[in-house]
Amino acid sequence: MEFNKKDVFTLPNILTYLRIALVPVFIAFMFIDFMPNNIYWAFGVFLLASFTDVADGYIARKFSMVSDIGKILDPFADKFLQVSAIICLTVTGNIHYAFAIILFSKELYMICGSLFMLRYKDKITIQANVYGKVAAAVYAVGMILAFFHNDFVELKVGFGEYTLDWMILTVASVLAIVAAVYYTTDILSKLKKANIEEKENPKKDDAQKSEELSVENSVSADKEGNGKNTENSGGNEVSAAVDKIKTEENLNV
C-alpha cells in the first residue's frame with residue numbers, strides 16, 4: 001500500500017475523520033443525564049455518523065477517489081462507532097448484555113479465523129456468507145430500535161422488557177451464530193478437499209518443478225551458447241585481420 005499526501009484531505013477521507021470525531025460526541029450525549037432527552041441527541045449523532053459512512057463510500061466509488069488511507073481508516077471508523085454504540089447501549093440498559101457478548105464473541109472469532117486462514121490463502125478462498133450479511137443488517141436495525149427501548153417498555157410493545165428491539169436482536173444473534181458455524185464448516189470442508197487433492201496429486205507439483213527447472217536450464221544453455229558464438233565470431237574476425245595484414249606485407253615485398 002502507498003500513502004499519498006494528496007489522499008489525506010480527499011472528501012471521502014474527511015468524512016471518515018468526521019465519523020471518528022463524532023464517536024466521543026455520541027458517548028458524551030449518552031451519559032449526560034442532566035440534559036433532557038439526551039439519548040435522542042445521541043441517536044441523532046449516531047445517525048449523522050452513519051450517514052458519513054454511506055456518503056464516503058459512495059463518493060469514493062463514484063468519483064474514483066478510493067485511497068489506501070481510506071481502505072484502512074474506513075473499516076476502523078465503522079467498528080469504532082459500532083462498538084461504542086453497543087457498549088453505551090448495554091451500560092444504559094437499552095441492550096441486554098447477552099446480545100453484546102454474542103456479538104463481540106462472534107467478531108473476535110471471525111478475526112481469529114481470518115488470521116488463521118492467512119496460512120492457507122494460496123490454497124483456498126473464503127467469501128462472506130449470506131447469513132453473516134443478513135445478521136449484520138438485522139443487528140443494525142435492532143441497535144437503532146434499542147435507542148427507544150424505554151419507550152417500547154412504556155408502550156408495552158413486546159413482553160415486558162423483552163420488547164421489539166430485543167426480539168430483533170435475538171434473531172440477529174441466532175443468525176450470527178449460524179453464520180459463524182457455516183463459516184467454520186466451509187473452511188474445514190475446503191481445507192480437507194485441498195489436502196486430499198495435494199495427497200492425490202503429489203507428482204503434479206514435482207512435474208511442474210521439473211518443467212520449470214528444464215526451462216531455466218534451457219535459458220542458461222542458450223545464454224552460454226550465445227556467449228560462445230560471440231567469442232568465436234570475435235576470434236574469427238581477429239584471424240581474418242591478421243591474414244589480411246600478412247597478405248599486404250607479402251605484396252609489398
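## The main core

A nonpolar core is a set of buried Ala, Val, Leu, Ile, Met, Phe, Trp, Tyr and Cys residues joined through side-chain atoms within 4.5 Å. In this predicted model, the largest such core has 32 residues. The members with the most contacts inside this core are Phe26, Met30, Phe46, Leu89, Ile95, Met143 and Phe147. Many parts of the fold contribute: helices H1 (11-30), H2 (38-62), H3 (68-91), H4 (97-117), H5 (130-146) and H7 (164-200) each supply at least two residues of the core. In soluble globular proteins, nonpolar side chains tend to be buried together.

Met143 is a good residue to click on if you want a feel for the packing. Leaving aside residues up to four places away in sequence, Met143 touches Phe46, Gln82, Ala85, Ile86, Leu89, Ile95 and Leu169. A second core, separate from the largest one, has 7 residues. Met117, Tyr183, Ile187 and Ala194 are among them.

## Overall fold and confidence

Stepping back, the secondary structure of the protein comes to 8 helices and 2 strands. Along the sequence, the elements follow the pattern α-α-α-α-α-α-β-β-α-α. Of the 253 residues, 29% count as buried. Among contacts between residues at least 6 apart in sequence, 74% join residues at least 24 apart.

How confident is the predictor, and where does that confidence drop? The mean pLDDT of the protein is 81, with 77% of the residues at 70 or more. Among the elements, H1 has the highest mean pLDDT, 95, while helix H8 (residues 202-252) has the lowest, 52. Over residues 249-253 the pLDDT stays under 50, and the model has 0 contacts for this stretch beyond four places in sequence.

## Aromatic pairs

The aromatic rings deserve a look of their own, with a count of 10 aromatic pairs. Take Phe26 and Phe46: their ring centres are 6.0 Å apart and their planes stand at 45°, so the pair is tilted. Phe26 lies in helix H1 and Phe46 in helix H2, 20 residues apart, and the pair links distant parts of the chain. Are these two residues buried or exposed? Phe26 is buried, with a relative accessible area of 0%, and Phe46 is buried as well, at 5%.

Phe43 and Phe148 make another pair to compare by eye. Their ring centres are 5.0 Å apart and the planes meet at 75°, so this pair is edge-to-face. Here too the pair links distant parts of the chain, with Phe43 in helix H2 and Phe148 in the loop between H5 and helix H6 (149-155), 105 residues apart. Phe43 is buried at a relative accessible area of 14%, whereas Phe148 is partly exposed at 24%. Ring pairs link Phe26, Tyr40, Phe43, Phe46, Phe147 and Phe148 into a cluster.

## Helix H2 and its surroundings

Helix H2 has 25 residues and reaches 36 Å from its first C-alpha to its last. That span is close to the 36 Å expected at 1.5 Å a residue. Just after H2, Ser64 takes a positive phi of about 55°.

Ala55 is also found in H2. With a relative accessibility of 14%, Ala55 counts as buried, because the cut-off for buried is under 20%. What separates the C-alpha atoms of Ala55 and Pro12? The answer is 7.5 Å, although these two residues are 43 residues apart along the chain.

## A buried serine and two cysteines

Which residues does Ser84 touch? Ser84 lies in helix H3 and is buried, with a relative accessible area of 9%. Not counting residues up to four places away in sequence, Ser84 touches Val23, Phe26 and Ile27. Phe26, you may recall, is one of the residues with the most contacts inside the largest core.

How many disulfides does the structure hold? The structure holds 0 disulfides. Cys88 counts as buried, at 4% relative accessibility, whereas Cys112 counts as partly exposed, at 43%.

Methods:
Residues numbered from 1 in each chain as written. Predicted model: local features only at pLDDT ≥ 70, side-chain atom pairs only at ≥ 80, totals over all residues. Heavy atoms only, no water. Buried < 20%, exposed > 50% of the residue type's maximum accessible area, 1.4 Å probe, protein only. Helix = DSSP H or I, 4+ residues; strand = E, 2+ residues; numbered from the N terminus. Contact = heavy atoms within 4.5 Å. pLDDT = per-residue confidence, 0-100. Phe/Tyr/Trp six-rings, centres within 6.5 Å; stacked < 30°, edge-to-face > 60°. Disulfide = S-S within 2.5 Å. Expected span 1.5 Å × (residues − 1).
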